[in-house]
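Here is a short walk through a protein model. Keep the sequence and the 3D view side by side as you read.

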Amino acid sequence: MRLTVFGATGGIGQEIVKQAVAAGHQVTAVVRDPARLPVRLSEVEVFTSALDDAEELRAAVSGRDAVLSGLGARKRSDAGVAARLTRPVLRAMEAEGTRRLLVVSAAPLAPAPEVREALLDRVMLSAINAILKDVYADLRAMEEEMARSATDWTAVRPPKLTNGARTGAYRTEIGGNPRKGRSIARADVAHAMLALVDDARAFKQGVGVAY
């Protein structure tokens with residue numbers, strides 16, 4: 001497949017690039033700084049951009065089978081960046097007729113489960129939501145932008161991220177979160193995103209992913 005990866009130098013983005021290259025996909029990495037890419041530059045097509053110009057980004061998404069994005073806040077003070085940088089990506093994709101988009105969101109944006117979690121889990125979730133409310137508001141705005149777009153989007157919603165190795169032994173839930181799923185490695189989030197590219201059940205859906 002021909003894939004374009006935004007946020008290709010971030011924790012999840014780097015894993016998407018490495019795993020996609022290893023699987024034999026043709027990868028375009030959209031970056032501000034090519035020196036931070038996790039693979040040899042000869043293995044990917046590098047597209048250098050400030051990510052704020054939809055017209056410029058059309059060349060990066062034209063003719064691609066899917067676009068995968070790891071764009072988002074790396075710290076609380078970055079809140080706002082996910083929605084702001086995803087908007088021009090969406091406009092570029094719509095202009096080029098590129099349909100498939102997968103992005104990284106967060107588990108707390110999923111609907112509340114029908115079966116209530118244990119009290120300790122609810123208390124922890126409430127505390128995390130309070131601390132990261134601006135980050136989650138940004139991700140919610142990003143998801144709302146996608147929902148209004150013409151793309152076949154998927155918001156992959158992990159809980160706490162770790163730097164563990166890829167295992168492939170994670171759970172996914174379309175439209176919700178895996179019960180008692182508290183963490184997942186960035187490498188497995190990337191693996192899940194690549195696995196979901198061709199899964200029509202995940203179109204226009206949030207997908208929880210966790211151990």
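Does K180 count as buried, exposed or partly exposed? Its relative accessibility is 47%, and buried would need under 20%, exposed over 50%, so K180 counts as partly exposed. Bear in mind throughout that this is a predicted model. K180 is found in the loop between β8 and β9 (183–185). Its backbone is worth a look: K180 is not a glycine, yet its phi is positive, at about 60°.

L51 offers a second case. This residue is not a glycine either, and its phi is about 70°. L51 lies in the loop that runs between β3 and α2 (54–61). Here the relative accessibility is 3%, so L51 counts as buried.

Now turn to the sheet. Eight strands build it, and the sheet is open. Read across, the order is β3-β2-β1-β4-β5-β6-β10-β8, with mixed pairing. Which strands stand at the edges? They are β3 (45–48) and β8 (171–174). Each has a single partner strand, so one side of each lacks a neighbour in the sheet. From one strand to the next, the twist averages 20°.

Look closer at β1 and β2. These two strands run parallel, and five bridges join them. One of the bridge pairs sets T4 against T28 of β2. Another sets V5 against A29 of β2. In a regular strand, side chains alternate between the two faces of the sheet. Both strands are well covered by the count of buried residues. In β1, four of the five residues are buried. In β2, five of the six are buried, so the rest of the structure largely encloses this strand.

Next comes α6, which packs on the sheet. This helix touches β1, β4, β5, β6 (152–157) and β10. Its direction makes about 165° with that of β5. The helix is mostly covered, with eight of its eleven residues buried. These are A187, D188, V189, A190, A192, M193, L194 and L196.

What lies inside? The largest nonpolar core has 31 residues. Those with the most contacts inside this core are A8, I12, I16, V17, V44, L68 and M193. Several elements give two or more residues to it: β1 (2–6), α1 (11–22), β2 (26–31), β4 (66–69), β5 (100–104), α6 (186–196) and β10 (205–210). The largest share, six residues, comes from α6. Take I12 as a guide into this region. Leaving aside neighbours within four places in sequence, I12 is in contact with V104, L161, R186, V189, A190 and M193. There is also a second, separate core of 28 residues. Among its members are L71, A106, L109 and W153.

Finish with a pair of helices. Two packed helices are described by the angle between their axes and the distance between the axes. For α3 (residues 81–96) and α5 (residues 133–147), the axes come within 7 Å and cross at roughly 15°. Angles under 35 degrees count as roughly parallel, so α3 and α5 are roughly parallel to each other. The crossing of α3 past α5 is right-handed. On the α3 side, the contact is made by V81, A82, A83, T86, R87, L90 and R91. On the α5 side, D138, L139, A141, M142, E145 and M146 take part.

Technical notes. Residues numbered from 1 in each chain as written. Predicted model: local features only at pLDDT ≥ 70, side-chain atom pairs only at ≥ 80, totals over all residues. Heavy atoms only, no water. Core = buried A, V, L, I, M, F, W, Y, C linked by side-chain atoms within 4.5 Å. Buried < 20%, exposed > 50% of the residue type's maximum accessible area, 1.4 Å probe, protein only. Contact = heavy atoms within 4.5 Å. Pairing = 2+ DSSP bridges. Axes fitted to C-alpha atoms, helices over the stretch in contact; angles between N-to-C directions. Parallel < 35°, antiparallel > 145°, perpendicular 65-115°, else oblique. Left-handed = near helix turned anticlockwise from the far one by under 90°.
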